[in-house]
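Visitor: Could you take me closely through one small part of this protein, and then show me how that part sits within the rest of the fold? I would like one connected account.

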Amino acid sequence: MSNSCYFEKKVLVTGGSGFVGSSLLKKLRERKCKVFTLDMANEIEIDAPYSSKIDITKLTQVRRLLRTIEPNIIVHLAACVDSAKDYSTSKRAFQSNIIGTLNILESARTLDIENFVHVGTEEVYGWGSVPFLETDRLDPRTPYAISKAASEHLSIMYHRTYNLPVVLLRFSAIYGPGQNPVKLIPMSIISALEGRNIILHSPNQKRSFLYIDDAVEGILEICFSENKLNGEIINFGSSKSHMIREVVERIIRIIGNPVEIVPEENPILSSDPPEVLSDISKARKVLGWSPITPLDKGLRKTVEWYKRNKAIQPRSR
């Protein structure tokens, strides 16, 4: 697609102030798209000429905004991503991730939408056999994963009922510069930089990690693909899982501070699956997409960012 075609596209990114959203906005601007963002009222401010803060759980607010914008493409990133398993987290996740998604779908169905990209997580597979295939039965175990699975089903319902051009993406754990410091990799980097030992609750669990630039390229491939992918589900991730302890040990070696890993049992977290890894052959076949950032390179780039930007407020997602 030529640059002039990109320039003609109006792209709405929900959750544009988040970790992934802010990186996506930068790439969309480079392609000269007209970019709009939608965020909850309590999210941090972003430098965007077309930024709106509304309550996505209120249909009237969402409908009014989408009718005003009339986007060609919607990338739905807005979500409560807390993986805690308590009542209050469950309530927030269900309101934001299910009701919020339903409102955006309902508001989009009467518009001339070319592509509705629902960004989800491989956590919906739960304790399934690895590597996960897009056709596998879902087994979500956290409020976040349960709510994302429900929002996927709603999206497919709108595709089948109203022919809304929905594509569902399931990402592995995304990391990189500017991520929320409560997440594993930034938490470990900040602790090591400050000379503090790193507490790990599930050091032997294995996870796949995807660098932010590779994740954003995957989203862009979907947004502007010339293939008809309506109703498709596509995994995006790395081709290998790593033990959490191993990832943190790599971070410690990169930084060079003599800190230690301190295992600390947490029965809630220890109930998580021992390994999470998705098969990404469909993304390779349909889009020609593969991650190009090795874990060590991604970790080094992330460490360097935190060294330079200790005072910058990280993104929530």
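Guide: In this predicted model, a good place to begin is strand 9, residues 206-207, which pairs with strand 14 in the parallel sense over two bridges. Within that pairing, K206 stands opposite E275 of strand 14. The two strands belong to an open sheet of three, ordered 12-9-14, in which the pairing is mixed. Strand 12 and strand 14 (275-276) are at the edges of this sheet, and because each has a single partner strand, one side of each is left without a neighbour in the sheet.

The residue to look at closely here is S241, placed in the loop that runs between strand 11 (233-236) and strand 12 (242-243). With a relative accessibility of 7%, S241 counts as buried, because the cut-off for that class is under 20%. Its side chain is joined to that of E275 by a polar contact of 2.6 Å, and E275 is the residue that K206 stands opposite. Leaving aside residues up to four places away in sequence, S241 touches K206, R207 and S208, and also E275, V276 and L277.

From there one can turn to helix 6, residues 184-193, where seven of the 10 residues are buried, so that the helix is largely enclosed by the rest of the structure. Those buried residues are I185, P186, S188, I189, S191, A192 and L193. The elements covering them include strand 7 (173-175), strand 8 (198-200) and strand 10 (209-211), together with helix 8 (244-255) and helix 10 (295-308). Just after helix 6, G195 adopts a positive phi of about 75°.

Another part of the fold is centred on strand 4, residues 73-76, from which I73 and V75 point one way while I74 and H76 point the other way, all of them being buried. This is in keeping with a general pattern: in a regular strand, side chains alternate between the two faces of the sheet. Strand 4 pairs in the parallel sense with strand 1 (residues 10-14) over four bridges, and L12 stands opposite I74 in that pairing. Strand 4 also pairs in the parallel sense with strand 5 (residues 115-121), again over four bridges, with H76 standing opposite H118. Between strand 4 and strand 5 the chain crosses through helix 4 (residues 87-108), and this β-α-β crossover is right-handed.

The residues of strand 4 also lead into the nonpolar interior. The largest nonpolar core has 57 residues, and those with the most contacts inside it are V75, L169 and F236. A second, separate core has 25 residues, among them V62, I69, I74 and I113. Beyond residues up to four places away in sequence, V75 touches V11, L12, V13, T14, L24, V117, V119, I219 and C223.

Seen as a whole, the protein has 10 helices and 14 strands, and 53% of its 317 residues count as buried. Of the contacts with a separation of 6 or more, 79% are between residues 24 or more positions apart. The C-alpha trace spans about 55 × 40 × 40 Å along its principal axes. The radius of gyration is 19 Å, which agrees with the value near 20 Å that a compact globule of 317 residues would have.

How values were computed:
Residues are numbered from 1 along each chain as its sequence is written. This is a predicted model: local features need pLDDT of at least 70, side-chain atom pairs count only at pLDDT 80 or more; totals for chains, interfaces and linings use all residues. Side-chain values use heavy atoms; hydrogens and water are left out. Buried means under 20% relative accessible area, exposed over 50%, partly exposed in between (1.4 Å probe, protein chains only). A polar contact is a pair of N or O atoms within 3.5 Å; within protein, one must be able to donate a hydrogen and the other to accept it, and residues adjacent in sequence count only if both atoms are side-chain atoms. Contact means heavy atoms within 4.5 Å. A nonpolar core is a set of buried Ala, Val, Leu, Ile, Met, Phe, Trp, Tyr and Cys residues joined through side-chain atoms within 4.5 Å. Two strands pair if DSSP finds at least two bridges between them. A crossover is right-handed if, with the strands pointing away from the viewer, the path from the first strand over the helix to the second runs clockwise. The radius of gyration is taken over C-alpha atoms; the globule rule is 2.2 Å times the number of residues to the power 0.38.
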